[in-house]
Amino acid sequence: MSEILIFGGTTEGRELAVFCAEHQIPVTVSVTTFYGESLLSDNYSILTGKLNAEQMYQLLCSQQYHLVIDATHPYAVEATKNIRSACETSGIRYIRLIRQKSEIYGETVRNLSELIPILNQSQKIILSTLGSKSIPELVQVQNYQKRLWVRVLPSVKIQNIPEKHIIAEKPPFSAKQNIMHIKKSGAEILLTKESGTIGGYPEKIEAVQKCGISMITLLRPDEDGYTLEEIKNLLRKEMHTK
């Protein structure tokens with residue numbers, strides 16, 4: 001039975017799983033998609049599939065986990081809420097892994113409700129790298145069928161956006177690839193999340209600067225937790241005290 005359960009799907013989650021395997025710490029990694037599973041190794045247990053709060057609670061009760069590490073995406077607010085709730089209900093220790101911040105470039109917004117009016121101030125072409133979940137709100141942009149391009153995973157099915165305006169590719173993306181996508185779309189505005197260095201944010205800055213276009217960043221929610229290195233140090237200390 002595993003001692004640690006990591007809710008992953010992020011680069012940090014994968015790196016932490018590798019760390020545990022290398023240090024012979026029993027670990028299970030939970031991811032929501034088969035794409036996320038494909039990025040993992042076979043050196044530890046993997047659970048694949050989206051879980052709601054009740055399913056998370058049942059999972060925690062069915063195994064002998066003593067620690068849950070929430071390494072989900074910084075914008076996966078609902079997932080973090082469910083994981084935290086399941087841990088509180090089951091009495092299992094919870095740690096949130098937070099992504100280190102990087103310097104922000106260009107304009108910023110706190111949510112999509114702030115973003116839409118800004119985009120409607122002009123008729124500029126938009127390339128969104130916010131992910132598929134943002135599309136239902138982005139189609140509120142005026143003349144979106146002509147103005148809006150989206151970059152999403154190939155496995156995601158998109159409605160309402162013209163097929164020729166969909167860039168379906170897998171990350172990570174270099175600055176060169178970002179430039180190619182900007183030129184392909186003719187974008188004058190790039191939309192991005194505050195994904196940090198590990199999430200390719202600097203490469204987007206370099207691309208928009210070289211292309212001479214604007215960038216608007218959706219800021220991540222404020223939260224408390226530990227960085228990847230801090231969690232590694234916590235696990236090292238636990239190993240030495242056993």
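User: How do E10 and E11 pair, parallel or antiparallel, and over how many bridges?
Analyst: E10 and E11 run in the parallel sense and share five bridges. Helices (H or I, at least four residues) and strands (E, at least two) are DSSP runs, numbered from the N terminus, and two strands count as paired if DSSP finds at least two bridges between them. This is a predicted model, in which local features need pLDDT of at least 70, side-chain atom pairs count only at pLDDT 80 or more, and totals for chains, interfaces and linings use all residues. Residues are numbered from 1 along each chain as its sequence is written, and side-chain values use heavy atoms, with hydrogens and water left out.

User: Which residues are bridge partners there?
Analyst: Leu190 has Met215 of E11 as its bridge partner. Thr192 is likewise matched with Thr217 in E11.

User: What lies between the two strands?
Analyst: Helix H9 (residues 201–211) joins E10 and E11 in a right-handed β-α-β unit. A crossover is right-handed if, with the strands pointing away from the viewer, the path from the first strand over the helix to the second runs clockwise.

User: Which other strands pair with these two?
Analyst: Strand E7 (residues 126–128) pairs with E10 in the parallel sense over three bridges, and Ile126 has Ile189 of E10 as its bridge partner. Strand E6 (residues 107–109) pairs with E11, also in the parallel sense over three bridges. There, Val109 is matched with Leu218 of E11.

User: Is E10 enclosed or open?
Analyst: E10 is largely enclosed by the rest of the structure, because four of its five residues are buried. Buried means under 20% relative accessible area, exposed over 50%, and partly exposed in between (1.4 Å probe, protein chains only). E11 is mostly covered, with four of its five residues buried.

User: Moving on, how many residues are in the largest nonpolar core?
Analyst: The largest nonpolar core has 22 residues, and those with the most contacts inside it are Leu115, Leu119, Leu138, Ile161 and Leu191. Such a core is a set of buried Ala, Val, Leu, Ile, Met, Phe, Trp, Tyr and Cys residues joined through side-chain atoms within 4.5 Å.

User: Which elements give two or more residues to it?
Analyst: They are helix H5 (112–119), helix H6 (135–138), strand E8 (148–152), strand E10 (189–193) and strand E11 (214–218). H5 provides the largest share of this core, four residues.

User: What does Leu119 touch?
Analyst: Not counting residues up to four places away in sequence, Leu119 touches Ile126, Leu138, Val141, Arg147, Ile189, Leu191 and Ile216. Contact means heavy atoms within 4.5 Å.

User: What about another core?
Analyst: Another core, of 20 residues, lies apart from the one just described, and includes Leu16, Ala17, Cys20 and Leu97.

User: Which residues of H1 are buried?
Analyst: In H1, the buried residues are Glu12, Gly13, Leu16, Ala17, Phe19 and Cys20. Seen down the axis of H1, they fall within an arc of 160°, so they line one face of the helix. The arc is that of the directions from the helix axis to the C-beta atoms. Among the elements covering these residues are strand E1 (4–7), strand E2 (27–31), strand E4 (67–70) and helix H10 (228–241).

User: What span should H1 have?
Analyst: The 12 residues of H1 (residues 11–22) should span 16 Å at 1.5 Å a residue, and the end C-alpha atoms are 17 Å apart, which agrees. The expected span is 1.5 Å times one less than the number of residues.

User: And H8, which of its residues are buried and which are exposed?
Analyst: In helix H8 (residues 175–185), Ala175, Asn178, Ile179, His181, Ile182 and Ser185 are buried. Those buried residues fall within an arc of 165° seen down the axis of H8, so they line one face of the helix. On the other side of H8, Lys176, Met180, Lys183 and Lys184 are exposed. The buried residues of H8 pack against E7, E8, strand E9 (166–168) and H9.

User: What comes just after H8?
Analyst: Gly186 comes just after H8 and takes a positive phi of about 70°. Glu188 lies in the loop between H8 and E10, and is partly exposed, with a relative accessible area of 35%. Leaving aside neighbours within four places in sequence, Glu188 is in contact with Lys124, Ile125, Ile213 and Ser214.
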